[in-house]
Amino acid sequence: MKIELQNLTKKFPARGKKGGEVTAVNDFSFEIPDGELIALLGPSGCGKSTTLNMICGLEKPTGGRIFFGNEDVTALPPELRGVGMVFQNYALYPHLSVRQNILFPLENLKGKDRPSKEEMNRRAAQAAGLVQIEELMDRKPRELSGGQQQRVAIARALVKMPRVLLLDEPLSNLDARLRLQTREEIRKIQKETGITTVFVTHDQEEAMSISDRIAVMKEGVLMQHGRPQEVYDDPASLFVARFLGTPPINVFQGEVKKGMLYIGEEAVLPAAGVPDQEVCVGIRPEGFLPRGDGELGCQLSRVEVMGRDISIVSTHPACANEVIRSIINADTQIDASARTVRFSLKPGKVFLFHKQTGERIRFTAG
Ligand code: ATP
């Protein structure tokens, strides 16, 4: 089921005495292709949950429209939208068994929508099978681990055979290992069922690893969307560049003079087509090539060996990050006792941004 969000806006009355309004989501337009998994990604308070709640029908938009396929669902109540929703706090009924929890949404259906008892049991077994909890059906939620509880919540959302699956930070209550495992399971289930899925997270790594597309939000506004690798390789703004990637992008103050990019006094890269100006320079950790005659000189702090890669940790007065982290192949020979390290830069891993607005400035290196 394709989902189309057209100019969605949501304003809330501001809390507190001053009155006024908070714009939680601002003119958000986005198309989610049928069968894809999309991550809504952004820092706390950027409007991710509000967007999800509007898709689900829990919040009514102040402006704009929502389509499921060709159907305008903007005014449709949640129970008629055919959505399955999973929240951060699994919200299972503690007094019901796993089976009863999964059956609950079906037993609540009325009239002709209510399946026969047999059909309900068949669907519950199928949903439990998808998330691999068949052997836990008679337990109570308190007898399950966090990961198992979350799987029950997912099965409960799947049992209605929803047109759309909505997941709001579904992994944040799990420990690191379970997070990894559960996110892979979610991806597998999503692929198997082909249900169009929207996944809310503030964790960029999570979003990058499981989604077909990501939509990065800031203060209610959609900043950029696309396939994870595309957005990582071609960020439209400093905000997006900073938000994606571990270790994070290294940001320097720089200046373009006569078609050449300078960091401090050093000319580090040609920047053809850019008018003279001060700029922010973003360099991905994998954009540094250690070379004795490299253009950029940094103070070496330490070298960390991480198996396949090494991380060179250094500093530079023009760098806004506390330390510069560069990731290079472990075969490279580095003198860890040296006081300085020199780097050449890989042009495709260097981005320029407008100093005030943070907008990307495109350039040709050479
Ligand atoms: P988080 O990751 O912390 O859950 P989020 O990106 O999901 O954040 P939202 O919960 O959608 O963000 O909130 C967006 C903005 O709208 C925030 O400034 C929030 O304070 C505000 N907001 C959300 N719900 C309400 C409400 N019911 N009344 C007033 N303001 C609200």
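Of the 13 residues of α4, how many are buried? The model examined here is predicted. In this model, α4 is mostly covered, with eleven of its 13 residues buried.

Helix α4 runs over residues 146-158. From the first C-alpha to the last, the helix reaches 18 Å. This is close to the 18 Å expected at 1.5 Å a residue. The buried residues include Gly147, Gln149, Gln150 and Arg151. Val152, Ala153, Ile154 and Ala155 are buried as well. So are Arg156, Ala157 and Leu158.

Several elements contribute to this cover. Among the helices that cover the buried residues of α4 are α2 (98-107), α3 (117-130) and α5 (176-193). The cover also includes the strands β6 (83-86) and β7 (164-168).

Two further residues were examined, one in a loop and one in a helix. Ser97 lies in the loop between β6 and α2. Its relative accessibility is 10%, so Ser97 counts as buried, given that buried means under 20%. Leaving aside residues up to four places away in sequence, Ser97 touches Met137, Asp138, Arg139 and Lys140.

Asn53 belongs to helix α1, which spans residues 48-56. At 15% relative accessibility, Asn53 also counts as buried, because that value is under the 20% cut-off. With residues up to four places away in sequence again left out, Asn53 touches Leu58, Glu59 and Met85.

Definitions and conventions
Residues numbered from 1 in each chain as written. Predicted model: local features only at pLDDT ≥ 70, side-chain atom pairs only at ≥ 80, totals over all residues. Heavy atoms only, no water. Helix = DSSP H or I, 4+ residues; strand = E, 2+ residues; numbered from the N terminus. Expected span 1.5 Å × (residues − 1). Buried < 20%, exposed > 50% of the residue type's maximum accessible area, 1.4 Å probe, protein only. Contact = heavy atoms within 4.5 Å.
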